[in-house]
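Let's take a walk through this fold together. Keep the 3D view open and turn it as you read.

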Amino acid sequence: MERAIGGATLPLLLGGLGVLLLYRVLLRLRGGASVQDAVVVITGASSGLGKECARVFHAAGARLVLCGRDAARLQATVQELMASPTDGKQKTHTPSTVTFDLAETGTVDTAAEEILRCHGQVDVLINNAGISYRGDILGTDLAVQREVMETNYFGPIALTQALLPSMVRRRSGHVVVISSVQGRIAIPYRSAYAASKHATQAYFDCLRAEMERYRIPVTVVSPGYIRTNLSLNAVTGDGSKYGVLDRTTAAGRDPVEVARVVLQAVRQRRKEVLLAGPLPTAAVYLRTLCPALFFRLMSSRARKEQRVKDD
């Protein structure tokens with residue numbers, strides 16, 4: 001029986017990927033709404049993907065509210081944006097900044113009030129800030145699991161829930177979360193990160209359904225590896241910094257490309273974006289269609305990674 005299922009899996013995967021690719025092409029050809037003058041809030045805006053999102057939304061004419069833990073780095077980002085050349089077709093605005101730590105959820109309500117004071121409303125919230133993790137489960141402190149969950153899950157949902165009432169009152173707004181392909185599939189030695197992203201996926205899927213009646217779209221963007229410092233800043237099982245630029249991260253997508261995809265997803269009010277290569281995309285389908293094979297592949301991957309560590 002399992003062989004029969006396995007034999008049918010490849011054609012299903014190829015057919016599904018073909019439909020997905022065609023859908024992506026059609027979406028690229030379709031236009032979208034303007035973000036000119038829209039109030040766009042971006043967390044984790046002073047580096048990596050957040051900073052690139054700030055660039056593309058600024059160039060598109062959005063009124064930005066940049067959020068992060070380091071006030072000096074946020075101001076440096078503002079200066080870079082204002083000094084960057086524009087094509088002259090779009091009116092641009094000087095970004096505002098709000099400094100706070102998403103992991104300290106007790107401060108989020110106050111931060112949300114400050115965000116709303118900037119322009120009186122939020123049109124687009126981009127939950128981007130996050131932390132990664134590398135480690136084996138047996139050697140990981142529970143405190144590290146909590147730290148990753150606080151930053152990647154509780155922080156974004158706390159900010160979202162603090163800003164949602166203002167969107168609901170206006171019957172207008174858009175919530176975006178930068179998740180990961182690891183919110184759809186789990187790979188070994190990423191337990192804390194994958195768990196936080198799975199939780200994120202579930203929460204924002206529920207939010208999307210509940211916000212439908214208010215016409216507030218919810219977009220989950222699930223990229224694969226991106227060329228940022230995420231792995232360098234990742235925490236390990238004992239809470240120390242990983243400090244290594246993984247080969248997969250170094251070979252990942254250009255964050256500029258991903259930021260442009262985020263902008264297009266906002267313009268098109270898309271519900272979900274899976275931005276991964278053929279193998280991770282196939283793995284997402286494989287996890288659903290033939291889980292036994294997926295589990296064997298992940299076990300094999302775990303053994304290979306352990307041998308590398310032992311060497």
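Start at Ser222, which stands opposite Leu274 in S7. That pairing belongs to a parallel match between strand S6 (residues 218-223) and S7, held by 4 bridges. Bear in mind as you look around that this is a predicted model.

Zoom out from that pair and the whole sheet comes into view: an open sheet of 7 strands, paired in parallel, in the order S3-S2-S1-S4-S5-S6-S7. S3 and S7 stand at the edges with a single partner strand each, so one side of each has no neighbour in the sheet. On average, neighbouring strands here are turned by 15° against each other, direction ignored. As a reminder of what holds such an arrangement together, strands of a sheet pair through backbone hydrogen bonds, either parallel or antiparallel.

Now slide across to S1. How many of the residues of S1 are buried? The count is 5 of 5, so to speak a mostly covered strand. Look along it and you'll see Val39, Val41 and Thr43 pointing one way, with Val40 and Ile42 pointing the other way, and all of them buried. On one flank, S1 runs parallel to strand S4 (residues 124-127), and 3 bridges join the two. To find the spot, pick Val41 and look across to Leu125 in S4, which it stands opposite.

S1 (residues 39-43) also pairs with S2, again in parallel, this time through 5 bridges. Two of the residues you've just met help to line the strands up: Val39 has Arg63 as its bridge partner in S2, and Thr43 has Cys67. How does the chain get from S1 to S2? It goes through helix H2 (residues 48-59), making a β-α-β crossover that is right-handed.

S2 itself spans residues 63-68, and 5 of its 6 residues are buried, so the strand is largely enclosed by the rest of the structure. Beyond S2 comes strand S3 (residues 96-99), joined to S2 by 4 bridges and running parallel. Leu66 is a handy marker here, since its bridge partner in S3 is Thr97.

Let's go back to H2, the helix of that crossover, and see what it packs against. Its axis and that of helix H3 (residues 71-83) come within 10 Å and cross at roughly 35°. H2 passes H3 in a right-handed crossing. From H2, the contact is made by Lys51, Ala54, Arg55 and His58, while H3 brings Thr77, Glu80, Leu81 and Met82. It's a mixed bunch, with 3 nonpolar, 2 polar and 3 charged residues in the contact of H2 with H3.

Next, head for the loop between strand S5 (174-178) and helix H6 (191-211), where you'll find Tyr189. Check its backbone: phi is positive, about 65°, although Tyr189 is not a glycine. Is Tyr189 buried or exposed? With the cut-off for buried at under 20% relative accessible area, Tyr189 counts as buried because its relative accessibility is 14%.

Arg190 sits in that loop between S5 and H6 too. Its relative accessibility is 7%, so Arg190 counts as buried. What is Arg190 in contact with, once its neighbours within four places in sequence are left aside? The list is Tyr133, Arg134, Gly135, Gln182, Tyr225, Asp246 and Glu305. Take Arg134 from that list: Arg190 and Arg134 are 56 residues apart in sequence, yet their C-alpha atoms are 5.5 Å apart in space.

For another positive phi, go to Arg269, in the loop between helix H8 (255-267) and strand S7 (272-275). Phi of Arg269 is near 55°, a positive value in a residue other than glycine. At 45% relative accessibility, Arg269 counts as partly exposed.

One last stop is Thr248, in helix H7 (residues 247-250). Its relative accessible area is 26%, so Thr248 is partly exposed. Thr248 and Ser231 are 17 residues apart along the chain, and 9.7 Å separates their C-alpha atoms.

Methods
Residues numbered from 1 in each chain as written. Predicted model: local features only at pLDDT ≥ 70, side-chain atom pairs only at ≥ 80, totals over all residues. Heavy atoms only, no water. Buried < 20%, exposed > 50% of the residue type's maximum accessible area, 1.4 Å probe, protein only. Pairing = 2+ DSSP bridges. Right-handed = clockwise from strand over helix to strand, strands pointing away. Axes fitted to C-alpha atoms, helices over the stretch in contact; angles between N-to-C directions. Left-handed = near helix turned anticlockwise from the far one by under 90°. Contact = heavy atoms within 4.5 Å. Nonpolar A, V, L, I, M, F, W, Y, C, P; charged D, E, K, R; others polar.
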